[in-house]
Amino acid sequence: MNPRIYVLTLVTFAFGSGAFIFAGLLESLAADLGVTTAVAGQLQTVFVLTSAVLGPVAAWLFARVDRKIMVMTALALGAALHIACALTPNFEVLMVLRALAGLAGAMSGPAASVAAAALAPPERRGSALALVSGGMTLAFVVGIPMGSIIGSVFDWRATFLFAAGLSLFALAAVVFFLPKVPAPPKREGGGDTVKVLLPIIWPFYLTTFLTFAANMTLNLYIAPIVRVGAGVTGAGVGAFQAMIGVGSIAGLWLGARAANRNAGRSWILQGFIIQAAAMSVHFAATHQVLPAGWPSAALVALGIFLAATALFSITPVIQSSLIQATGGAPVALALNGSVISMGQALGSTVGGAALAAYGVPAIPGAALALSLTALTTLALLYPRHTSAASSQVR
């Protein structure tokens with residue numbers, strides 16, 4: 001493996017950490033800025049909506065720009081915005097800054113993936129892309145929990161300074177160690193390819209949307225979930241957030257095996273069953289079905305682990321199917337990124353509405369409802385055979 005690809009892993013690590021860096025301090029952030037926790041959760045909604053809308057636009061506008069320059073620009077912009085978030089005087093300004101940060105994320109992720117594919121030989125491109133995606137796993141294992149710990153020692157503003165430091169560290173690595181990576185040659189009919197294959201690839205987009213919507217309904221509000229379910233606050237939330245990383249490792253392993261077997265529909269449905277089970281565990285935990293102390297804490301940790309396992313096991317199957325169906329068309333992959341962001345936006349909105357209306361125990365209830373709706377929908381609509389159909393189109 002080209003060692004320079006590890007530099008790109010730092011890029012997704014910095015982006016993933018910055019995207020969720022404040023989640024563990026959501027309640028203290030809301031109290032300090034004079035808004036409710038549900039309203040503060042919409043900081044993530046504007047982030048992912050901006051990423052969803054502007055991601056394909058940025059990919060089109062900067063299609064001919066060297067990938068190294070794209071990554072450097074995104075990291076520099078992200079670092080500046082994180083610093084500005086730490087210094088923001090009020091919630092309204094913070095909302096605008098988070099929306100702009102979504103643009104930086106929309107630029108950095110796809111550019112890092114394209115650069116990794118260009119630096120790796122054809123037979124190793126899959127491993128290279130997996131390595132770059134592993135930066136997100138590292139963010140959940142190390143970056144985001146560290147942000148929660150730093151924020152609990154100082155305050156929520158320190159978490160954004162920590163995120164800025166991660167972006168600057170990744171930027172330095174890119175400047176000194178990543179070579180120039182010319183933009184990929186323009187594909188003729190790339191958009192037409194997506195249009196022709198839309199009857200085949202729409203189930204992949206639908207699955208992506210429902211997966212991230214169900215997961216984000218609960219994941220963004222992890223701090224109140226841990227507080228009510230396990231009785232843990234402050235730095236202790238970071239330990240529970242690390243369970244997302246552990247679950248993602250298990251999920252990526254299961255998802256890779258399923259993708260290699262072309263499991264497709266069968267594994268996706270199993271993944272949503274795991275997702276529904278995770279939300280049921282959280283529902284039980286927030287209703288204190290077990291005694292306080294380690295039993296309730298273990299139940300919450302189990303729910304977090306299962307939810308992460310489900311999310312990260314479904315994702316590789318969808319990505320593999322999408323690449324196989326479209327030949328890796330850039331437009332198709334950019335649209336998938338937008339669908340991820342739209343799903344996250346719906347989830348954070350639903351979770352915030354449940355919290356505002358009925359309190360913390362309603363959050364896993366809403367997530368469970370979304371998971372069961374997704375399971376039922378995909379059981380009815382997801383085709384049993386997609387690879388054969390895609391080969392016919394090609």
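When I say two residues touch, I mean they have heavy atoms within 4.5 Å of each other. Keep that in your heads, and keep in mind too that what we're looking at is a predicted model.

Okay, let's start with one residue, His82. You'll find His82 in helix α5, which covers residues 67-87. Leaving out residues up to four places away in sequence, what does His82 touch? The list is Gly18, Arg98, Phe160, Ala163, Ala164 and Ser167. And is His82 buried or exposed? Its relative accessible area is 6%, so His82 is buried.

Hang on to one name from that list, Phe160, since we'll meet it again in helix α8.

So, over to α8, residues 156-177, and its packing against α2, residues 26-33. The usual way to describe two packed helices is by the angle between their axes and the distance between the axes. Here the angle is about 120°, and the axes are 9 Å apart. Who's meeting whom? From α2 we have Ser28, Leu29, Asp32 and Leu33, and from α8 we have Trp156, Arg157 and Phe160. Sort the residues of that contact by type and you get four nonpolar, one polar and two charged.

While we're on α2, have a look at its buried residues: Leu26, Leu29, Ala30 and Leu33. These sit on the same side of α2, because the arc they cover around the axis is only 100°. Two of the names, Leu29 and Leu33, came up a moment ago as residues that meet α8. Right after α2 comes Gly34, with a positive phi near 75°.

Now for the rings. For a pair of aromatic rings, you give the distance of the centres and the angle of the planes. The count in this model is four aromatic pairs. One of them is Trp156 with Phe160, an edge-to-face pair, 6.1 Å centre to centre with 90° between the planes. Both residues belong to helix α8, and they're four residues apart, about one turn of the helix. Both are buried as well.

Then there's Phe204 with Tyr382. Why is this pair called tilted? Their planes are at 50°, which falls between the 30 and 60 degree limits, so the pair is tilted, and the ring centres are 6.3 Å apart. Phe204 is in helix α9, residues 190-219, while Tyr382 is in the loop between α15 and α16, so this pair ties together parts that are 178 residues apart in sequence. Phe204 is buried at 1% relative accessibility, and Tyr382 is buried too, at 4%.

Back to Trp156 and Phe160 for a second: ring pairs link those two and Phe22 into a cluster.

One backbone oddity before I finish. Most residues other than glycine have a negative phi. Gln288 isn't a glycine, yet its phi is positive, about 50°. Where is Gln288 found? In the loop between α12 and α13. With a relative accessible area of 47%, Gln288 is partly exposed.

Last thing, confidence. The protein chain has a mean pLDDT of 82, with 87% of its residues at 70 or more. Which helix has the highest confidence, and which the lowest? The highest is α8, at a mean of 93, and the lowest is α16, at 43. Over residues 388-394 the pLDDT drops below 50, and beyond near neighbours in sequence that stretch has eight contacts in the model.

How values were computed: Residues are numbered from 1 along each chain as its sequence is written. This is a predicted model: local features need pLDDT of at least 70, side-chain atom pairs count only at pLDDT 80 or more; totals for chains, interfaces and linings use all residues. Side-chain values use heavy atoms; hydrogens and water are left out. Axes are lines fitted to C-alpha atoms, for helices over the stretch in contact, and angles run from 0 to 180 degrees between N-to-C directions. Ala, Val, Leu, Ile, Met, Phe, Trp, Tyr, Cys and Pro count as nonpolar, Asp, Glu, Lys and Arg as charged, and the others, Gly among them, as polar. Buried means under 20% relative accessible area, exposed over 50%, partly exposed in between (1.4 Å probe, protein chains only). The arc is that of the directions from the helix axis to the C-beta atoms. Rings of Phe, Tyr and Trp (its six-membered ring) pair if their centres lie within 6.5 Å; planes under 30 degrees apart count as stacked, over 60 as edge-to-face and the rest as tilted. pLDDT is the predictor's confidence in each residue, from 0 to 100.
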